Amino acid sequence: MERLLNFINGELVPARSARWLDVFAPATGTAHAHLADSDEHDVEAAVQAAEKAFPAWNALGREGRSAAMLRLADLIEEDMDGFVADESKDNGKPLALARRVDIPRAVANLRFFATAILHFSSEAHLMDDVAVNYTDRQPIGVVGCISPWNLPLYLFTWKIAPALAAGNCVVAKPSEVTPLTAYRLSTLCNAAGIPPGVLNIVHGLGPKVGAAITAHPKIAAISFTGGTRTGAEIARVAAPMFKKLSLELGGKNPVLVFADCDFDLMVKTTVRSSFTNQGQICLCGSRILVERSILERFRTAFVGQVRLLKVGDPSDPDQDMGALVSKDHLEKVLSYVELAKSEGGRILTGGEQLHLAGELKNGWYMAPTVIEGLGPECRTNQEEIFGPVVTIQPFDAEEDALDLANATPFGLASVVWTTDLQRSQRVARALHAGIVWINCWMLRDLRTPFGGVKNSGVGREGGVEALKFFTEAKNVCIKL
Ligand code: TXE
């Protein structure tokens, strides 16, 4: 079985403990690789390598760093088939989705920040003829990037790219559930001309490697995407050390459907926003709020289309959905279906594990699930499920829709379906969310601020926000 090694100081090395973890293929439920089971000693080696590499990487200047990152993007693109196959195998997502979204987006992340840094500039504040202030934005030094399993290479590169472009050296930890593509990327770094120690990838468990990165006194900033509980733990440890923190956490995103919407486009897109990547995207809409006058029409059309979704072999281009990421996660999602039933919910379709045949018989598949009949206060409508499960709730007036939409501790994304321009603006302003999509979903411009409010996180990623996060602003005042 393939051994996935750490990448420290430009070298592929096993964990110092010489221990290994199993990595599973969700499609078949079988182990397909062994992963370095690292700990604080490996993190320490990575931090030392990063500290040593920092002055030269910074001195390379934005053009030099940009060139190396662009070469890395090219090398990933040249190996597109390999990356796509690995991402699908490791995560259980359809191969076609990895080819259409995950890997091209990872390439785009690297190219975007490699070129954004060339245009990044800072402010000057003139005090009439008394003095001039300018803002000097310097890289922080050594930074930590911790990423989750749902969009593995996409979110890994979304963090390391701005960090590296801004001149930092990185100690990164991909999810232990889906480490394969970050490992594949590490095998290309030397050929891309990224100097040893600039990007270090330490594999292993969150409570060991992630916790060691969080607590390390020489890692001055942490960018994290993952569960809200983990985010709170990272903040608990890092805040008293006064680290910079960017936390992109969970969501319980509402989809507001008004009667005046473009009905067919709305239904088609809502099927996508509910079940893309088996519902395992923090931006998926999981609470569908429908104006009562079209409730029946919506229910019939939506459930009808959901029943047509094909769940099966991720490598078969005919399938719409693959497997859930792990056995534990499947069990967690199924337990929410039981909870929904006990809370009085009616399962309109799905609700069960799917047992496929042959090689796939032990894979972790689940039918797309639609639930109705639950109020806003129940746990099903309050907690992040992060799987192929959505609920439908009716509303009468616009204010009721907003009350329902804002009635959770989360505030990441929301979707509004209406052709009334005034209403769309009003509702967008009143939603407690970091991102509002009007008559669309997942339309992403990498320049825009990305992140959530309330328990969905702290800080914003994307564009200039990310470059600002990965630099420290120093004001220099010169008396004229
Ligand atoms: O996430 P974790 P998990 C949500 C989703 C999911 C739940 C748990 O609801 O069911 O979170 O998923 C590392 N210190 N999202 O368990 O544990 C971990 O190794 C430092 C939403 O996979 O938060 C991994 O690299 N790091 C989400 C990363 O944190 C720690 C995407 C995320 O893992 C750590 C994924 C610790 N103590 C899950 N413990 C989104 N919003 O996109 C774990 N990690």
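How far does a polar side-chain atom of K332 lie from an oxygen atom of the ligand? In this predicted model, the separation between these two atoms is 2.6 Å. The protein covers 85% of the 800 Å² of accessible area that the ligand has on its own. The elements contributing two or more residues to the shell around the ligand are α8 (206–215), β11 (221–225), α9 (228–238) and α12 (327–342).

**The ligand and its surroundings**

The shell around the ligand consists of 28 residues, and the closest are W149, E176, T230, K332 and E384. With five residues, α8 gives the most to this shell. By residue class, the shell divides into eleven nonpolar, twelve polar and five charged residues.

Polar atoms of the protein approach oxygen atoms of the ligand from side chains, as with W149, and from the backbone, as with G206. The table lists these contacts together with that of K332.

| Residue | Protein atom | Ligand atom | Distance |
|---|---|---|---|
| W149 | polar side-chain atom | oxygen | 2.5 Å |
| K332 | polar side-chain atom | oxygen | 2.6 Å |
| G206 | polar backbone atom | oxygen | 3.3 Å |

The position of the ligand can also be described in terms of domains. Residues of the shell come both from domain 1 (2–249 + 456–479) and from domain 2 (253–445), so the ligand lies between the two domains.

**The β4–β5 hairpin**

Another part of the chain to consider is the hairpin of β4 and β5. Strand β4 comprises residues 20–25, and strand β5 comprises residues 30–36; they pair in the antiparallel sense over six bridges. Within this pairing, D22 has H34 of β5 as its bridge partner. Four residues stand between the strands of the hairpin, and G29 adopts a positive phi near 70°.

The two faces of β4 are unlike in their cover: L21, V23 and A25 form the covered face, whereas W20, D22 and F24 form the uncovered one. D22, the partner of H34, thus belongs to the uncovered face.

Is A25 buried or exposed? This residue of strand β4 counts as buried because its relative accessibility is 8%, and the limit for that class is under 20%. Its placement agrees with the covered face of the strand, to which A25 belongs along with L21 and V23. With respect to E78, A25 is 53 residues away in sequence, and the C-alpha atoms of A25 and E78 are 24 Å apart in space.

Conventions: Residues numbered from 1 in each chain as written. Predicted model: local features only at pLDDT ≥ 70, side-chain atom pairs only at ≥ 80, totals over all residues. Heavy atoms only, no water. Near = heavy atom within 4 Å. Polar contact = N/O pair within 3.5 Å; in protein donor to acceptor, adjacent residues only side chain to side chain. Areas by Shrake-Rupley, 256 points an atom, 1.4 Å probe, with all protein chains shown as cover. Nonpolar A, V, L, I, M, F, W, Y, C, P; charged D, E, K, R; others polar. Domains from an automatic or database assignment. Buried < 20%, exposed > 50% of the residue type's maximum accessible area, 1.4 Å probe, protein only. Pairing = 2+ DSSP bridges.
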